[in-house]
Each structure stands twice: as C-alpha cells, then as structure tokens.
Amino acid sequence: MLSRSPATASLLLRSLLRQPRGFSSSAAAAPAAAKGGDGGKLVASVLFERLPVVIPKIHPVVYAFQEFSFRWRQQYRRQYPDDVLGKADARGKGDYHIDYVPAPRITEADKANDQKSLQRALDNKLYLLLYGNAYGAPDGKPIWHFPEKVYENEETMRLCAETALKSVIGGLDNAYFVGNAPMAHMVVEQPDSSVSSFKRFFFKSQVVGSTKYHIGKCKDYAWVTKDELLEYFPENKDFFNKMIMHIR
C-alpha cells in the first residue's frame, strides 16, 4: 500500500470537501426544477385521511383462525379449583357497574349515503376529494381531485402542501401531516393540452379532533373510502391502489 503523510491526507480531504455535492439539503434546487430543464411544474397534493373511528369487523378467515387458536389453547389450559373461579362471580356489582351499550356501526349518514359527512363508514378510512378547477385539467374543466397547489416559492414542498390544505379547510389546527417527505409522486403527461407535463407529489395528512370541516375553494366535495376513491380515478386506479396502503 502507498503511505501518505498527514499533510497530503489533509490536502486530499479539503479537495474532496470543496467538490460539488451530489445532493441538496435545501429547497434551492426546487425552483430550478419547476422552471424547466427536465420539465414542467411541481404540484403538491394532499391525501387528507380520516382514520377508522370504530374497530373494523374481523375478516371471516381471521375470525376462524382465532376461534381455532382459542379452542386449541383450551385443551391445555390450567385447571383452577371451583372455589377460586367462583370468587369473581361472588363480588357485588355496586355503583361502579355500568351497562355498556355500544354505538351503532351504521349511522344516519350511512343510510342516506351522505358523502359530505365524516359520520359514515366509521370502521373504514375516508379521504377528502374536491370537485373544481385543478392544475392540468383538460380544457380547464372542473374535475375531481385532491387538495393541491402549484409550487411557487415555498421553502419546501411540505409547506406547499400545507398551504394547499389550509386554503381548503381554513386552518391546520385539526390536521396532522405525517412526515416531511411525500408518500408518492407521479408524472402527468398532457399530450392534448396546452399545459406541459408536470410532477405531482402526494403528502399524507390526517384528521385530528374534528368531525366536521367547512370545505371551501371548490364546487363540491366528498369523503370517500378507498374503494370509492378508485372509482373516481379509473385511469390511475393501479397507482392509487398501490399508494394507499389500506389494511383493515
């Protein structure tokens, strides 16, 4: 091996540090990407999600396995004397005993199929869709889309996504953004439109401590499940099916 003196090693280290880095830790490169080069504008879209309110129903296969496991464990469980097991039943109920009545899973919003209400599909996730003008829409016609904003001069794409959601729901006090990085992105090609191709970045945000939002900046809106959402975007069904990890 070739040996280097400490002075030579120090000069080599300084020369490496002076070389241009292969990545950027700031948003300085975003405006350049948005102006041109490898193309088009950047759009931040928000997947605004309401988590399940009640525990989802167990899948029949999972239920059958749990039943089998319980019966299998019962064969080898430890036997306790009857006088020990009977003590729990002998306790007085007293004033602390409360008859628990679970809330119904099927709400009035479910019966009326009111997609403007968050009080529906309580055992499922809901996602906010807007109907109105969207960037890159063919012929400028209103379409169904997620809350979005074209990147301008925000410090990060996350801040751009926050601005997009804030303009729709009026504030972010009852919204929580999951992470700083986008959950997915797609390149939108517009061969028959005056709008050049652009990149759309999706950020996830969740409903926090609210059962109703005053949705604005659109002609219509809907809270939909994943299965319903896929029907709104048949041309991108496979993409959204992979993007939205839906485990019930």
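These legends accompany close-up views of a predicted model.

**View 1. A nonpolar patch on the surface.** Let's begin on the outside, where F65, F68, W72 and Y76 together make a nonpolar surface patch of about 540 Å². One of these residues, F65, belongs to helix α3, which covers residues 60–75. F65 has a relative accessibility of 57%, so this residue counts as exposed, the cut-off for that label being over 50%.

**View 2. A salt bridge between two strands.** Here the side chains of R200 and E148 meet, with 2.4 Å from N to O. R200 is part of strand β7 (residues 198–207) and E148 is part of strand β4 (residues 148–150), so their salt bridge ties together parts of the chain that are 52 residues apart in sequence. Are the two partners buried or exposed? R200 counts as buried because its relative accessibility is 12%, and E148 is buried too, with a relative accessible area of 13%. For orientation, the structure holds 10 salt bridges.

**View 3. A small network of charges.** Look next at K149, E152 and E154, which are linked in a network of salt bridges. Within this network, E154 pairs with K149, and their closest N and O atoms are 2.6 Å apart. Both E154 and K149 are buried.

**View 4. A salt bridge along helix α7.** In this view E162 forms a salt bridge with R158, and the closest N and O atoms are 2.6 Å apart. How are the two placed relative to each other in the helix? E162 and R158 are four residues apart in helix α7 (residues 157–169), so about one helical turn separates them. E162 is buried, its relative accessible area being 18%. R158 is likewise buried, with a relative accessible area of 18%; the label buried applies under 20%.

**View 5. A threonine in a loop.** T107 sits in the loop between α5 (87–90) and α6 (108–112). With a relative accessibility of 15%, T107 counts as buried. Which residues does T107 touch, leaving aside those up to four places away in sequence? The contacts of T107 are Q119, R120 and L122.

**View 6. An aromatic cluster.** Now for some rings: F146, F202, F233, F239 and F240 form one aromatic cluster. Across the structure, the count of aromatic pairs comes to 15. In this cluster, F146 and F240 form a tilted pair, with 5.5 Å centre to centre and 55° between the planes. F146 lies in the loop between β3 (143–145) and β4, while F240 lies in helix α9 (residues 237–243), so this pair ties together parts that are 94 residues apart in sequence. F146 is buried, with a relative accessible area of 3%, and F240 is buried, also with a relative accessible area of 3%. The ring of F240 has a further partner in F233: their centres are 5.2 Å apart and their planes are at 50°, so this pair is tilted. F233 is buried, as is F240.

**View 7. A lysine over a tyrosine ring.** We finish with K116, whose charged end sits over the ring of Y221. What is the distance from the charged end of K116 to the centre of that ring? The charged end of K116 is 5.5 Å from the ring centre of Y221.

Technical notes:
Residues are numbered from 1 along each chain as its sequence is written. This is a predicted model: local features need pLDDT of at least 70, side-chain atom pairs count only at pLDDT 80 or more; totals for chains, interfaces and linings use all residues. Side-chain values use heavy atoms; hydrogens and water are left out. Patches are made of residues with over 30% relative accessible area and no salt bridge: like charges are joined within 9 Å, nonpolar side chains (Val, Leu, Ile, Met, Phe, Trp, Tyr) within 5 Å. Accessible areas come from the Shrake-Rupley method with a 1.4 Å probe; for residues, only the protein chains shown count as cover. A salt bridge is a side-chain nitrogen of Lys or Arg within 4 Å of a carboxyl oxygen of Asp or Glu. Buried means under 20% relative accessible area, exposed over 50%, partly exposed in between (1.4 Å probe, protein chains only). Contact means heavy atoms within 4.5 Å. Rings of Phe, Tyr and Trp (its six-membered ring) pair if their centres lie within 6.5 Å; planes under 30 degrees apart count as stacked, over 60 as edge-to-face and the rest as tilted. A charge sits over a ring if NZ of Lys or CZ of Arg is within 6 Å of the ring centre and within 35 degrees of the ring normal.
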